[in-house]
Amino acid sequence: MALTSNQPIVDVKDFSRYKQKTAGGAVTFYRGSLCNFNVAGYVEIATDAAAKTFAGVALEGLVQTAAESDGDKSITLLPAHSGEVVELALAGVVIADLNSEVYIVDDSSVALTATNAVQVGIIVALSSNGEDKCLVKLI
């Protein structure tokens with residue numbers, strides 16, 4: 001349907017951080033945890049598992065008890081596809097890996113390949129401290 005009046009414009013910066021409902025059950029999200037959406041659309045700790053989609057990076061810590069159900073709590077995320085750059089663990093990363101896609105291993109690390117290929121982003125730089133870490137642009 002065509003517009004018939006002026007509409008509010010949402011400032012893009014409003015999408016740089018957002019709250020998302022979490023999956024139920026006992027779990028601890030740490031600030032900096034990689035997070036996935038499960039098939040029902042709730043956020044959970046990232047794993048390389050089938051039927052998962054990368055949701056983003058937790059910007060806060062959150063503790064849930066076993067008694068909590070899907071949607072009882074929410075967590076603030078730096079969303080996937082935001083174009084933001086984060087530092088992540090990647091064992092054996094070398095300069096030749098620049099511009100390579102990376103995939104979830106667990107809630108704190110990525111790999112150049114993965115069984116279920118839950119993509120996080122692209123390597124844009126190596127960590128300056130010489131550890132097995134790289135800077136990844138979320139895509």
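The exercises below work through a predicted model of a single protein chain.

**Exercise 1. Overall make-up**

Task: State how many helices and strands the protein chain has, and describe its extent and surface.

Solution:
- Step 1. Start with the secondary structure: the protein chain has zero helices and 12 strands. Read along the sequence, the pattern is β-β-β-β-β-β-β-β-β-β-β-β.
- Step 2. Take the extent next. The C-alpha trace spans about 55 × 45 × 25 Å along its principal axes.
- Step 3. Turn to the surface. The accessible surface comes to about 7,800 Å², and carbon and sulfur atoms hold 54% of it. Of the 139 residues, 35% are buried.
- Step 4. Look at contacts along the chain. Among contacts with a separation of 6 or more, 52% are between residues 24 or more positions apart.
- Step 5. Finish with charge. There are 9 positive and 16 negative charges, and their mean positions are 8 Å apart.

**Exercise 2. The five-stranded sheet**

Task: Give the strand order of the open sheet that contains β8, and identify its edge strands.

Solution:
- Step 1. The order is β8-β12-β11-β9-β10, with antiparallel pairing.
- Step 2. An edge strand pairs on one side only; here these are β8 (85–89) and β10 (110–111).
- Step 3. Strands of a sheet pair through backbone hydrogen bonds. In this sheet, β11 (residues 119–126) and β12 (residues 133–138) are joined by five bridges. Leu-126 stands opposite Cys-134 in β12, and Gly-121 has Leu-138 as its bridge partner in β12.
- Step 4. The hairpin of β11 and β12 has six residues between the strands, and Gly-130 takes a positive phi near 80° there.
- Step 5. The pairing of β9 with β11 is antiparallel and covers three bridges. Tyr-103 stands opposite Gln-119 in β11.

**Exercise 3. Ala-125**

Task: Decide whether Ala-125 is buried, partly exposed or exposed, and list its contacts beyond four places in sequence.

Solution:
- Step 1. Ala-125 is found in strand β11.
- Step 2. Its relative accessibility is 24%, whereas buried requires under 20% and exposed over 50%. Ala-125 therefore counts as partly exposed.
- Step 3. Beyond four places in sequence, Ala-125 is in contact with Leu-98, Cys-134 and Leu-135.
- Step 4. For a distance along the chain, take Ile-139, which is 14 residues from Ala-125; the two C-alpha atoms are separated by 15 Å.

**Exercise 4. Strand β5 and its partners**

Task: Explain why β5 is described as largely enclosed, and name the strands joined to it by bridges.

Solution:
- Step 1. β5 covers residues 53–58, and five of its six residues are buried, so the strand is largely enclosed by the rest of the structure.
- Step 2. β3 is joined to β5 by four bridges, and the two run antiparallel. Cys-35 stands opposite Gly-56 in β5.
- Step 3. β7 (residues 74–79) is joined to β5 by three bridges, again running antiparallel. Ala-58 has Leu-77 as its bridge partner in β7.

**Exercise 5. Two serines in loops**

Task: For Ser-33 and Ser-109, find the loop, the burial state and the polar partner of the side chain.

Solution:
- Step 1. Ser-33 lies in the loop between β2 (27–29) and β3 (34–37). Its relative accessible area is 4%, so Ser-33 is buried.
- Step 2. A polar atom of the Ser-33 side chain lies 2.8 Å from the backbone oxygen of Tyr-30.
- Step 3. Beyond four places in sequence, the contacts of Ser-33 are Ile-45, Gly-56, Val-57, Ala-58 and Asp-107. Gly-56 and Ala-58 also appear in the bridge pairs of Exercise 4.
- Step 4. Ser-109 lies in the loop between β9 (101–104) and β10. With a relative accessible area of 13%, Ser-109 is buried.
- Step 5. The Ser-109 side chain makes a polar contact with the side chain of Asp-106, at 2.8 Å.
- Step 6. Beyond four places in sequence, Ser-109 is in contact with Leu-34, Ala-89, Tyr-103 and Ile-104.

Conventions: Residues numbered from 1 in each chain as written. Predicted model: local features only at pLDDT ≥ 70, side-chain atom pairs only at ≥ 80, totals over all residues. Heavy atoms only, no water. Pairing = 2+ DSSP bridges. Buried < 20%, exposed > 50% of the residue type's maximum accessible area, 1.4 Å probe, protein only. Contact = heavy atoms within 4.5 Å. Polar contact = N/O pair within 3.5 Å; in protein donor to acceptor, adjacent residues only side chain to side chain. Areas by Shrake-Rupley, 256 points an atom, 1.4 Å probe, with all protein chains shown as cover. Lys, Arg positive; Asp, Glu negative; His and termini not counted. Charge placed at Lys NZ, Arg CZ, Asp CG, Glu CD.
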